[in-house]
Structures are given as C-alpha cells and as structure tokens.
Amino acid sequence: MEITNEFTVQAPVAQAWAILTDVERIAPCIPGFQLEEIEGDEYRGTMKLKIGAVVMSYASRLTFVEKDESEHRVVMRGGGREQRGQGTVDATIVSVLQAAGDNETRVNVTATLDVTGRIAGFGRSIMGDVSARLIDQFVQCLETRVMAGTP
Amino acid sequence: MRTVSLTVNGNPVDEEVEPRMLLSDFLRHELGLTGTHVGCEQGVCGACTVLVDGETVRSCLTLACQADGTAIQTVEGLAPDGGLNVLQRAFQENHGLQCGFCTPGFLMAATALLERNDDPSEEEIRDELSGNICRCTGYTGIVRSVQAAALQLRDGTVTASEGTAE
Amino acid sequence: MTTSLPIDHELHPAGAQYVGAKINRVEDPRFLRGEGRFVDDISLPGMLHAAFLRSPVAHANITSIDTSRAAALPGVTAVFTGQDLEAEGIQPIVSRAFLPGMGDNLREPLPTKKVRYVGEAVAVVVADSRYIAEDACELIEVEYERLPAVIDPEGALDPGAALLHEDLPANLIGRKSESHGDPERAFAEADHVFSHRFVHGRVAGVPIECRGVIAEYDRGRGGFLIYSSTQIPHLTRSVAAECFGLAESDLQVIAPDVGGGFGIKAHPYIEEVVIPFAARRIGRPVKWIEDRYEHLASAVHAKELVMDLELAVAADGTFLGMRGRYNANAGAYGCFPQTGMVDAMCAATLLPSLYKVDHVSYEILAVYTNKCMTGTYRGVGWGAGHTAREVLIDDAARALGRDPLELRLQNCIPSEPYRSVVGMNYDGGSYQESMEQARDALDYDALRERQAKLREEGRYIGVGFSPFVEPAGFGSKAAAAVGQKHQVTYDWGSVTLEGDGTVTVRMGFHSHGQGHETTFAQVAADQLGVRMEDVRIKYGDTEGVPYSTGTFASRSGVIGSGLIMRAGGDVRDKLLRLAAHLMEVSPADIELAGGKAFVRGAPDTARTIKEVAQYAYFGPGSRQLEGDMALTSTRSYDPPESYSNGTIAVVVEVDPETGKVTIERTVAIEDCGVMLNPTIVEGQVAGAVAQGIGGALYEEFVYDDDGNFLSGTLLDYLLASSMEVGPIEVHHIETPSPVTDGGIKGMGEAGTLAAPAAVLNAVADALSPFGVTFTSTPITASLIRDAVAAKREGEQ
Amino acid sequence: MKPAPFEYHAPETAVEAASLLQEAGGDGKVLAGGQSLLPLMNLRLARPSVLVDLGRVQGLDGTLANGGIRIGSMVRHGHVQRSHEIQSRVPMLTEAMRHVGHPAIRNRGTLGGSLAHADPAAEAPLVAVALGAELVALGAGGTRTIPADEFFQGPFMTALADDELLTEILFPEAPASAGWGFREVARAHGDFALVAVAAVVSVEDGRLRDARIAVAGAADRPTRIAAAEQALEGAAWDAAARSDVEQIVRDALSPAGDSHASAEYRKSVAGVLAARALDDATKATGSTA
C-alpha cells in the first residue's frame with residue numbers, strides 16, 4: 001500500500017531539512033511514538049497506534065537509508081512488530097523537501113507500507129484516512145512545538 | 001472475579017465470574033445450558049441470541065457481569081415441560097430448521113417478535129429476523145414457521161408459553 | 001444395467017406408506033429444545049482447551065519459534081510446534097496425484113519450515129481455558145523470513161514466480177486437456193462466436209457452526225477417541241490413522257450433531273491430527289473449537305476460477321461447439337481426497353450441460369497460490385462453470401436478438417437418457433419441460449410487459465433463467481465422469497430388526513441438516529412394514545456404523561436408500577419367513593404394513609412385528625427355520641451415474657444509480673426423480689438457492705496483493721439474511737431414474753450451482769438498456785453501479 | 001476469539017466513571033452498549049486494561065423534551081426507535097435507527113456509544129452532524145458541550161479526551177418549515193452504510209432555505225457539504241438544482257475505495273442519495289419548491 005501526502009512547514013528549506021532529519025527532535029511529534037534508544041544508525045522505540053478503541057503497540061526501529069542533502073531527499077526505513085500478537089509494519093518513507101518561498105518548505109512524503117496481522121485483515125480500508133490524520137497531527141505539532149522554538 | 005446474581009429461565013443463579021467472561025460462554029460452559037450456540041463472536045450471525053429482560057441480545061457481545069441483576073431466557077426455557085411450545089412446533093411443522101445450529105437464536109428472536117406483535121407481515125418477520133443467519137433453509141421455512149405460530153396465537157387457542165407434549 | 005434387484009427389493013413394497021409423503025422431521029424436537037449435541041456441547045473429564053497461533057503472513061520461511069514465554073503463562077499446560085510433531089514421526093496429510101505429471105502434495109500438520117497462507121496454523125497452545133490459551137498465543141514469538149506472495153492464478157505459473165512447494169517443480173498442480181468431436185471445425189464454420197473471460201469469486205459454505213475437535217488418548221489400548229464436526233468420520237479416521245501410524249480401528253471418530261457442512265467439512269483437516277497429538281502428549285482430553293476468524297481464514301475455500309469460454313453458434317441459433325479453459329486458484333495445499341483440481345475439473349466436464357452440442361474441448365489446470373486451500377463447496381466447480389456458461393448464453397441471446405429461454409429450448413437435449421459429447425450418461429429428465437414450467441410459473445409474457453412498462457417509469461426489472469443438470473448420487477462412476485476416477489467411493493449400511501420389533505439402520509452417511517433420521521426411517525419403515533417411530537437411524541460413530549466415504553455431493557439419498565432397500569429387503573425376506581412360520585402360512589401370503597404382519601386379505605390375522613421379532617429372538621419354534629436367520633444385513637451400493645435437473649428463474653429489480661439489487665421472486669423447478677420426502681427436497685432447494693444468491697451478490701474471500709486476508713469477519717464475508725434472499729417457490733417434476741435403486745436421484749446442490757447464473761442474467765436483463773454485462777462474481781452494488789456508469793460514459 | 005483480560009468497574013455515577021477513566025490514564029475504555037467495542041475486544045483489536053461499564057450509572061438513560069430534545073447517552077437505539085417523544089422531535093433520528101444493525105444490536109447499542117465510537121459510516125453521528133446536535137461530555141475537569149461538527153475528528157476519532165465520557169446529546173428544535181430526508185445504501189440490510197446522506201431543508205415562498213446536507217461513509221467522518229448547501233440557498237428544487245447538488249456533492253468528496261465499494265461508487269452514490277434525500281425533505285415540508 002502506498003500513501004502519499006504533502007504538507008508545508010513555515011521554514012526555509014535548509015532549516016526544515018535540518019529539523020526533519022533529526023529524529024530526536026521530531027520524535028515527540030510522531031503521534032504515539034516513544035523514542036527509547038539509539039544505537040548507531042538505528043532509532044528504537046514504541047509506536048502506539050490508536051484508532052478509536054483499537055490500539056496497536058509496535059516495538060519499532062527506524063533507520064536512514066538515504067540522506068541526500070543536495071536533493072533534499074531522505075529515505076527512511078521503519079519496521080515494527082506488535083508487542084502482543086504477530087502483526088508487523090514495514091515502511092519505506094521517502095520525503096522530498098522543496099522550497100516554496102523564502103520561509104516556506106513543501107514536504108512531499110510517500111510511504112510504502114507493508115502491514116500484516118489483525119489490523120491488515122479488514123475489507124473496510126481506513127488506513128489512508130488514518131495516516132492522513134496522523135500526518136496532520138505530526139505537522140501541527142511540528143509547527144507549534146518544533147518550528148516555533150527554532151530561531 | 002466478580003459475583004453475578006441473575007435468573008436464567010426463572011432459576012436464580014449466583015456465580016463468580018472473570019470480568020472478561022462472555023455471557024455466551026457463561027451460559028454454555030458455567031451453567032451447562034448448551035442450547036445457546038456460538039457462531040461468530042463477532043455479533044453478526046445471531047446464533048447466540050438470548051432474551052435479557054425480555055429483549056433479544058447477542059450473548060457473545062455481552063459480558064456475563066453486565067447481566068448481573070437481569071432475567072435471562074434461553075432456548076431451554078421455551079418449553080419447560082420437555083415438549084414443544086407453539087413456536088417450536090410450528091418450526092417442526094413448517095420445516096423451519098435443517099442442521100439445527102442457528103435454530104435457538106431464531107426461536108429467541110421470533111419469541112421476542114411475537115411477544116410484541118402477534119400479526120406480523122412477512123416483511124416484518126424478515127426484517128425482525130434479519131440479524132440471524134441461517135445457511136441451511138433459505139429462510140423460507142423459518143418465515144413460514146413464524147407466520148404459522150402467529151396465526152395460532154391469534155386464534156387464541158394457545159398461548160406463547162403453552163407447551164405441548166410430543 | 002448394474003442393478004437388477006428381486007421384486008421385493010423395491011422402494012414401494014406392498015404396504016408402503018411413508019416414502020414420498022411430506023412427513024415432519026423426527027430429529028427436530030431435540031434441536032428445537034436446545035438439546036442437540038454439537039462438538040462444543042461435549043465436555044470430557046479433565047478436558048483442556050486449545051488455541052492455534054496462525055500465520056499473519058502469506059508466504060515466509062519460519063526461522064525461529066520461541067514458545068517459552070507462552071509456556072510459562074499460568075494456566076498453560078503445553079505449547080507444541082511442527083518440530084514436536086515431526087520429532088514423534090507424525091506423518092503429513094497427503095493429497096495424492098492422479099494425473100501424469102502431477103505430484104503428491106504433502107501437508108505437515110504444523111509446518112516446520114515455512115508458512116504458505118495467512119491463517120495457517122503455526123503452533124498450538126493447550127491451557128485451562130480458551131481464554132488463557134489465546135493469551136498465550138500472543139506470547140509466542142515467531143521470526144519469519146518473508147517470501148514474495150503468489151496470489152494471481154495466471155502469474156503463479158510465471159517462471160519467476162516464488163515456488164510454494166520446493167519438492168515440486170512449479171506451482172502447477174496439474175493440467176489436462178480433452179477434445180470431443182471436431183471443435184476446430186465447428187468454430188471455423190460458425191456464423192457467430194461468443195467468448196468471454198469469467199472470473200468466479202472465491203467463496204465457501206460458511207456453516208454457522210465452525211469446525212471443532214475433541215480428542216482423548218487411551219494409553220492402555222493405545223488408541224484415540226476423536227470427536228469432530230465433520231461430514232466424513234470414516235475418511236477422517238483413515239487419514240488420522242495414517243498420520244499416527246495406527247490401525248484404523250485404534251481410532252474411534254465420532255461426528256456428533258454437526259451444524260452444517262456444505263462440503264467444507266468433507267475434508268480431513270490438520271487440527272484432527274494436531275489435537276489428538278496434544279491429547280496424547282499431555283495425557284488429558286483436549287478440545288479445540290474453531291472460531292469464526294479461523295474458519296474464514298483456514299477452512300477450505302472454493303470455486304475461484306478463471307474461465308475462458310467460447311461458444312460457436314450457427315445463424316439459426318444452433319449451438320455448434322464449446323471451448324473452455326479453466327484455471328483454478330487452488331490455494332496453498334491440495335485438499336484430500338480430490339486435490340486442488342476438483343473445481344476446474346468439475347467445471348470443465350459439465351461444460352455442455354443440457355445442451356445438444358457435438359464439439360467440445362477444454363483445458364483444465366490448477367495452481368498453488370498463497371491463499372487458503374480450496375476444496376468442495378456445494379455445487380463445486382459445476383456451479384462456477386455453469387455461471388460462466390449461462391451468462392455467456394444470455395450475452396449471445398442478446399447479441400442475436402433472441403429470447404434467452406427460447407434459445408436454450410432450441411438447443412436443449414431430449415428428455416430420454418442421453419450421452420453427452422464429453423461422455424456423461426444422463427439418465428433422462430425434464431430438461432425442456434422444467435424450462436417451460438419455470439416460464440409458466442413466472443407468467444413470462446406478462447412479466448415482459450411489466451418490464452417494458454416499468455422501464456418507461458425509469459424502473460428496471462429483469463428476469464434470468466438458469467436450467468441445469470446436477471450430477472448427483474455421487475458414486476465411483478459419477479466421480480469418473482467428472483474426471484475424478486481416483487476418488488473411489490465405498491458405502492455400506494446395515495438394517496437390523498431388534499428383538500422388540502424396532503428397526504435399527506446403521507450407516508456411515510452423516511446427517512447435518514439433510515434429515516436422514518426422517519427420510520431413511522421412511523425408507524426402512526416401508527421396507528419392513530414397521531411404523532416410522534419404530535425406526536432408529538444411527539450414524540456418525542465409526543465404531544457403531546459401517547463404512548462410508550461420507551455425506552457430500554448429493555450422494556446420501558440415492559446410496560443410503562439403496563443400501564436400506566438392499567439390506568432391508570434381506571431382512572424383510574427373513575421377517576416374512578418368520579411371520580409365515582409363526583402364522584403357519586406361506587411367506588408369499590404375508591403382507592407387512594403399519595407394524596403388523598398379516599395374511600393378505602385377512603387383516604384380522606395380524607400379528608405385530610414386535611411379536612414376530614420376539615418369536616425370532618426368544619421363540620424356540622423359530623429355530624426350526626433353516627438357513628442363516630440373522631435379522632440383520634449389511635450391504636453396499638455404488639450407483640451408476642444419475643443426474644437431477646431443473647430450472648431456476650429469478651426476477652430482480654435493480655437501481656442503476658446505486659447498484660442495489662432486490663430479488664423480487666425466485667422460482668425453482670426441481671426434478672430429482674422419485675422423492676423420498678418433498679418437504680425435505682423443498683428445504684434443500686431453498687437453502688441451496690439462498691447460498692447461490694449469496695455467492696452471486698455478496699460473498700467473496702478477498703486477499704490483497706501481499707496476500708493479506710481481508711475477509712476475517714462476517715462483516716467482511718457477507719452472508720445473505722432473510723431480507724436479501726426473498727421468497728423462494730419450489731415446484732416439482734418427478735422423472736424416475738431408470739438406473740438407480742428406486743428411481744431416486746440425488747439432490748441438494750442445484751440451487752447453489754444454478755441460482756448465481758439466474759441472478760446475473762436477471763440483473764443484466766434489467767440493465768440491458770445500458771448494455772451492461774458481467775464477467776465475474778460477486779456482482780456487488782459497487783460493481784453494478786460502476787458498470788452502468790462506464791457504459792453511460794462510453795456513450796457520451 | 002475471547003477478550004484479553006481487563007479490570008472491570010461498574011460505577012453508579014457519571015462523576016465516578018470519569019474519575020475511574022482518569023485513573024486508567026489512557027488505557028481505560030467506556031463500555032456503553034458494547035455492540036462495537038465487544039467485537040473489537042473479541043478480536044483483540046481493542047484491549048483496554050480498564051473497562052468502565054456505564055450500565056449502572058444513574059441518569060444517563062432518560063430523555064427531556066423542551067423544544068428540542070436532550071437524550072441521555074445510554075439511551076438504547078431500540079428505545080430511540082420506539083420513542084414517540086423522540087420521533088415527534090427528531091424524526092430523522094428515528095428513521096436512521098432502522099438502519100443500525102439488527103434488533104438485538106439495537107436493544108443493547110446506545111446513542112452515546114455510537115457517537116463516541118465515531119465510525120465514519122455510522123448513522124447516529126451522521127444525524128448528529130446533519131441536525132447540528134451538541135454533545136455533552138463529562139470529564140474529571142467538569143462538563144463541556146461540543147458541537148457535532150467539531151466532535152468528529154477522523155475515523156473513529158473524536159474530541160473526547162481519554163478521561164471523558166458522553167452524558168447527553170442535545171438535538172435542537174427544528175423550524176416548523178423544515179423537512180428532512182435520510183437515505184442509505186448498505187451492502188445488505190443492517191450492514192454498515194456504504195454511503196448515507198441526511199438532509200434538512202426549509203421551503204419559504206417556493207425557495208429552499210437553510211439546507212443542511214451531511215454524508216457518511218464517503219469521508220473520514222460525517223461531513224457537511226457546505227458548497228451544496230450554499231448552492232441551494234434561495235433556489236427552487238427543480239431538475240437543474242437536483243443535478244447541481246448531485247454533482248457538487250460528488251465533487252466535494254474524495255473517499256478511498258476498498259473491497260466493499262470503489263471510491264467512485266462512494267462519491268457518485270453520495271450525490272445520488274443527496275438528491276433523493278432532498279426530494280424527501282422538500283416533499284416533507286409540504287410546500288412546493
């Protein structure tokens with residue numbers, strides 16, 4: 001499953017790049033994510049996905065596969081495994097940053113998701129809506145908490 | 001564990017249950033009333049339908065502890081004398097069952113219907129029973145059975161709870 | 001002819017009063033009182049409860065399984081994996097090859113190396129309760145190395161496709177081609193050739209009772225007692241015995257009351273090996289009750305076929321030839337005993353159906369994919385192939401400007417016995433008559449007028465016809481006729497007159513809705529002149545009843561009645577001799593009826609059959625009779641091919657803007673030869689039709705491209721309710737079979753086999769102003785609306 | 001298919017319930033009718049560690065009519081369906097209940113539970129949005145009133161905090177000139193809506209006024225179609241208006257497709273049902289527009 005999303009942050013592209021590639025800084029804004037340890041290139045933590053009454057907790061890890069500052073393109077690979085149950089999430093997230101003005105950067109995110117287990121087992125698809133909602137929350141948090149505190 | 005006190009088919013029951021125990025499991029495995037069947041535990045098939053305070057309820061979507069203080073009726077309580085009541089007999093006479101697995105749920109749903117309305121149209125019967133799935137009969141015999149029971153009840157010759165020995 | 005019986009051995013011996021009557025079912029009261037005894041209603045002392053951990057991925061190597069945390073959970077007795085079974089030498093279930101180039105398919109009860117579909121059992125937990133067992137399943141840690149999922153049946157044969165079974169050269173299960181007549185020429189000379197690719201959706205019977213197994217091991221005797229919700233207790237015993245390396249009689253398999261089967265429970269399953277294994281290891285009885293997710297994900301699916309059909313038609317509408325290619329998406333394993341070829345094979349061999357067509361060819365293949373294995377479901381591939389053919393015929397009729405029913409009547413075979421070009425031996429029927437009767441029942445001309453009128457008001461009703469032949473009374477010869485020569489059937493039954501004058505019939509045919517306790521009691525009572533209430537039908541326990549391949553493929557009615565007529569006839573002869581001896585007359589003068597034996601024409605001479613039986617068991621005088629006087633007989637019966645027929649017609653209203661279909665009326669004309677009990681025939685027809693309607697409009701097992709299973713609840717796999725199905729009228733025609741005992745033809749599958757085509761044809765007929773046609777099932781509201789919209793856009 | 005273990009509480013007051021939820025700190029869940037929650041728990045998709053059963057809480061199962069009507073959050077769907085008091089004030093809600101599952105589901109399921117569950121295809125949230133209902137939430141911090149438009153925030157997501165529960169729902173009084181329509185298409189009777197539309201409109205001097213059109217099943221939450229409402233203001237309900245509304249509603253939505261219905265289906269049928277619901281609504285006003 002592929003999910004595409006675009007959002008805009010109020011910051012010049014260089015600054016946005018610096019922030020968005022700094023996992024420790026953006027981690028608090030990833031909805032439900034709790035960063036627990038960093039080992040070398042790998043960021044580990046718990047991802048708690050809450051969709052109404054449905055709560056899925058994943059032991060997750062995140063690594064950078066590609067970080068191309070000249071093209072402002074970053075590829076991350078994430079993986080998670082349900083803490084109770086057998087489901088997994090694997091994601092490849094490609095983000096491309098583009099200046100949209102002096103103090104504005106457009107971020108294009110394409111996530112390729114491979115979800116297995118109970119959550120993947122339904123005919124009614126809400127994944128698209130859910131991820132759009134999560135990205136909204138992420139951007140909102142980014143703007144109010146991370147960007148606001150950036151000189 | 002929690003204590004629940006209720007009546008089942010008129011008999012008082014006091015039991016300790018784990019909060020997560022489903023009412024369907026409680027009736028079947030704690031009380032041994034295996035006439036109530038479990039077909040999906042997803043709230044769709046209706047096989048586990050029982051009457052709680054006179055209303056149809058999916059016992060797989062009810063916790064036993066939620067039933068504390070209620071009066072429950074199950075299929076075993078329909079014909080206490082070991083015969084068949086009007087509705088049950090109508091099911092036999094109109095081929096309203098084949099494998100018999102969904103049957104208790106249909107009987108309970110039809111009992112609640114006839115309790116409220118002794119002259120339901122075919123459409124009303126189909127609507128009221130649409131939460132119960134039967135894979136054997138194509139519903140033809142079931143609808144006919146409920147119609148036949150309603151007719152007898154309207155005649156006034158029998159009452160719903162009246163049992164007849166086989 | 002294979003069956004010449006003495007005159008006494010007939011369905012209606014003198015005095016018969018039950019066969020053919022509408023008799024209420026004798027098994028009903030226990031179900032109506034909630035006193036049926038299904039597997040989950042059984043509890044054995046000391047019994048533990050099992051839950052299976054199932055694969056969340058479609059295709060992967062198992063790199064490790066850590067069960068330690070699960071095993072440590074309080075209340076957990078044991079956790080077993082494939083390694084545990086392998087270590088004790090438990091053998092795989094084998095689905096045997098039967099065509100050149102085909103390989104055996106071995107299925108380990110629990111996989112040791114890889115998983116091949118979402119829902120495949122990987123480990124089993126045994127605990128004090130099902131609740132705890134499920135808690136423990138969540139604590140098992142399995143590492144999977146993912147492999148590409150093979151989902152598409154055509155892509156499965158690509159050279160680059162991932163291989164499901166490493167011991168096989170490809171994902172091909174088997175392939176076979178046949179040609180009859182000269183189809184090349186027929187197609188070359190045809191004025192019209194109609195063709196389509198039809199994709200039949202993956203469906204299943206979905207009985208309301210899921211499966212379930214209880215096993216207990218008798219350490220002293222070294223044998224098992226296994227309760228299973230199965231249609232085939234004897235085959236289950238055979239397969240389990242083979243897996244454990246035990247003699248068959250070391251296992252007792254009991255199928256108690258079974259809450260519907262529809263073919264889904266006509267296969268042995270791995271749980272019937274794993275649960276006994278767990279019971280043996282632990283030394284206590286173990287119960288496993290399949291939950292609905294497990295059932296939907298892992299009990300057999302069926303009928304997923306990609307079918308390429310061609311129909312050659314002459315200018316006057318005569319059918320000249322048919323060609324078909326049938327590719328079955330058979331899932332991850334081969335089912336026992338038919339293999340994954342079953343649906344494609346059944347679909348192809350019934351290609352000409354009731355049409356007089358002299359040139360037919362087909363290619364059959366089946367492939368392994370990372371989906372649940374397929375097996376039999378009411379109507380099997382016959383239904384899928386039937387739908388594809390009948391929809392194509394309606395398309396052809398529209399293109400030719402012909403009435404669909406007339407075109408069919410023009411091409412229909414005669415009523416007399418007929419050998420189809422592919423070699424099926426139809427035993428005669430009411431092929432044309434059933435179509436005409438359906439037409440009359442609908443008041444066809446008036447219906448067409450109403451249709452035209454409503455169209456002017458912007459309302460769309462339509463009618464669809466689906467005439468059918470149904471291979472039934474499935475014995476070895478019928479199996480061979482559908483290409484399944486390897487599926488030998490074998491069935492015995494016994495009839496015993498007890499010392500109290502009651503009659504016990506023992507047979508392997510299990511009853512799970514068919515009403516055997518009634519119909520077979522009717523047959524037996526007529527054979528022995530006893531009252532029906534004095535007959536008991538015993539089935540389901542391998543220790544208590546003779547061998548049977550089992551209840552499926554509309555076979556019990558024909559074979560069971562034949563067995564009872566044969567064995568009952570033997571007992572009747574002895575009963576007549578006993579009565580004659582007791583009454584000091586000649587056996588030829590005795591008549592049996594209503595529980596009494598009397599001298600013909602002198603009812604006041606009557607002695608009750610109880611008196612005669614007591615004379616046999618306890619009366620010293622009876623010992624003067626010579627010869628074997630055991631009041632019991634066990635007989636077998638393997639009937640010749642026989643075919644029911646009929647027509648299903650459906651009237652629908654369709655909302656072209658929302659795709660909503662309302663079924664206004666269903667008429668089913670059924671000719672199953674001599675009927676044992678019309679009430680039960682009608683129930684079988686209506687039930688089968690409802691499942692057919694479900695398959696046409698609502699039901700489908702959906703997998704995504706990664707092999708995720710998207711139909712794990714009954715909210716996803718939608719079953720039709722009383723609101724969707726609507727009223728079903730059943731009409732009878734009774735054309736006795738000239739070849740079966742008693743002229744009986746099997747029945748029960750036709751509705752599921754034929755109703756989908758009637759529904760699709762009716763919807764297409766309703767929407768004919770838009771030019772919409774269908775090439776897949778199910779036709780959901782979304783599919784219908786989108787098809788109308790596509791045609792509308794195309795016109796703009 | 002059995003629920004994971006949890007701690008169970010059956011408080012007798014709403015305040016007690018709220019404080020139990022607060023103590024649970026995000027791992028608690030309200031059990032109202034349970035007809036959506038228990039299937040999820042049986043599937044172990046939901047596994048709250050604390051379950052707060054509102055079944056014994058006093059005062060949540062009543063109705064109070066006063067122009068509009070206040071309906072307690074624990075009023076069961078079946079009661080809503082049968083209540084003459086509710087039918088006389090919010091007949092659209094009565095009609096919508098016919099589409100909620102089946103009788104046995106409606107006998108347990110509650111209005112508040114359905115709203116808090118916020119299924120984007122559910123009927124009660126749709127009606128609440130269409131009629132401009134207000135939802136009253138009680139939390140440890142006290143009571144607040146949330147307009148339905150703001151309450152639904154995404155698929156199964158609401159404005160309720162973890163420690164809040166719904167106590168009542170206020171449906172405003174409808175103007176005498178207003179008519180309503182409710183249309184739904186489901187795969188089968190009682191199944192979730194593929195698409196449903198609720199519409200309210202008044203007719204004054206042959207012109208449409210104050211139309212409210214809301215759609216369920218075609219967005220991540222029940223959604224008003226403002227563009228269509230504006231287009232109808234002052235218009236006559238004729239073939240052109242009808243076709244405009246159909247088009248506007250369709251264009252306003254960008255639903256996802258799934259194995260039950262395509263995206264195009266949901267968009268298009270939303271338009272069709274909007275027009276039909278408005279047919280019903282205008283007819284119900286008794287005036288010609």
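The legends below describe four close-up views of a predicted model.

**View 1. Helix H11 of chain D and its buried side.** Helix H11 of chain D runs over residues 239-252, which makes 14 residues. From its first C-alpha to its last the helix reaches 20 Å, close to the 20 Å expected at 1.5 Å a residue. The buried residues of H11(D) are Ala241(D), Val245(D), Glu246(D) and Val249(D). These residues lie on the same side of H11(D) because they cover an arc of only 140 degrees around the axis. The face turned away from this buried side carries the exposed residues Ala239(D) and Asp251(D). Among the elements of chain D that cover the buried residues of H11(D) are strand E13 (207-216), helix H10 (226-232) and helix H12 (263-285).

**View 2. An open sheet of three strands in chain C, with two helices packed on it.** The strands of this open sheet follow the order E24-E25-E26 in chain C, and their pairing is antiparallel. Strand E24 (590-593) and strand E26 (602-608) of chain C are the edge strands, since each pairs on one side only. From one strand to the next, the twist averages 35 degrees. Strand E25 (residues 596-599) of chain C is joined to E26(C) by three bridges. Ala597(C) has Arg607(C) in E26(C) as its bridge partner. Helix H16 (residues 556-583) of chain C packs on the sheet and touches E24, E25 and E26 of chain C. The direction of helix H16 makes about 120 degrees with that of E24(C). Helix H17 (residues 609-618) of chain C also packs on the sheet, touching E24, E25 and E26 of chain C. The direction of helix H17 makes about 50 degrees with that of E26(C).

**View 3. The contact between chain C and chain A.** In this contact, chain C takes part with 19 residues and chain A with 15 residues. The size of an interface is often given as the accessible area lost when the parts come together. Between chain C and chain A, the buried area is about 1,200 Å², of which carbon and sulfur atoms give 38%. Pro56(C), Glu138(C) and Arg146(C) supply 37% of the area that chain C buries against chain A, more than any other three residues.

**View 4. Asp534 in a loop of chain C.** Asp534(C) lies in the loop between helix H15 (516-528) and strand E23 (535-538) of chain C. Asp534(C) counts as buried because its relative accessible area is 18%, and buried means under 20%. Not counting residues up to four places away in sequence, Asp534(C) touches Thr502(C) and Val503(C).

Methods:
Residues are numbered from 1 along each chain as its sequence is written. Chains are lettered from A and ligands numbered from 1 in the order in which they are written. This is a predicted model: local features need pLDDT of at least 70, side-chain atom pairs count only at pLDDT 80 or more; totals for chains, interfaces and linings use all residues. Side-chain values use heavy atoms; hydrogens and water are left out. Helices (H or I, at least four residues) and strands (E, at least two) are DSSP runs, numbered from the N terminus. The expected span of a helix is 1.5 Å times one less than its number of residues. Buried means under 20% relative accessible area, exposed over 50%, partly exposed in between (1.4 Å probe, protein chains only). The arc is that of the directions from the helix axis to the C-beta atoms. Contact means heavy atoms within 4.5 Å. Two strands pair if DSSP finds at least two bridges between them. Axes are lines fitted to C-alpha atoms, for helices over the stretch in contact, and angles run from 0 to 180 degrees between N-to-C directions. Buried area is the accessible area (1.4 Å probe) that two parts lose on being put together, summed over both.
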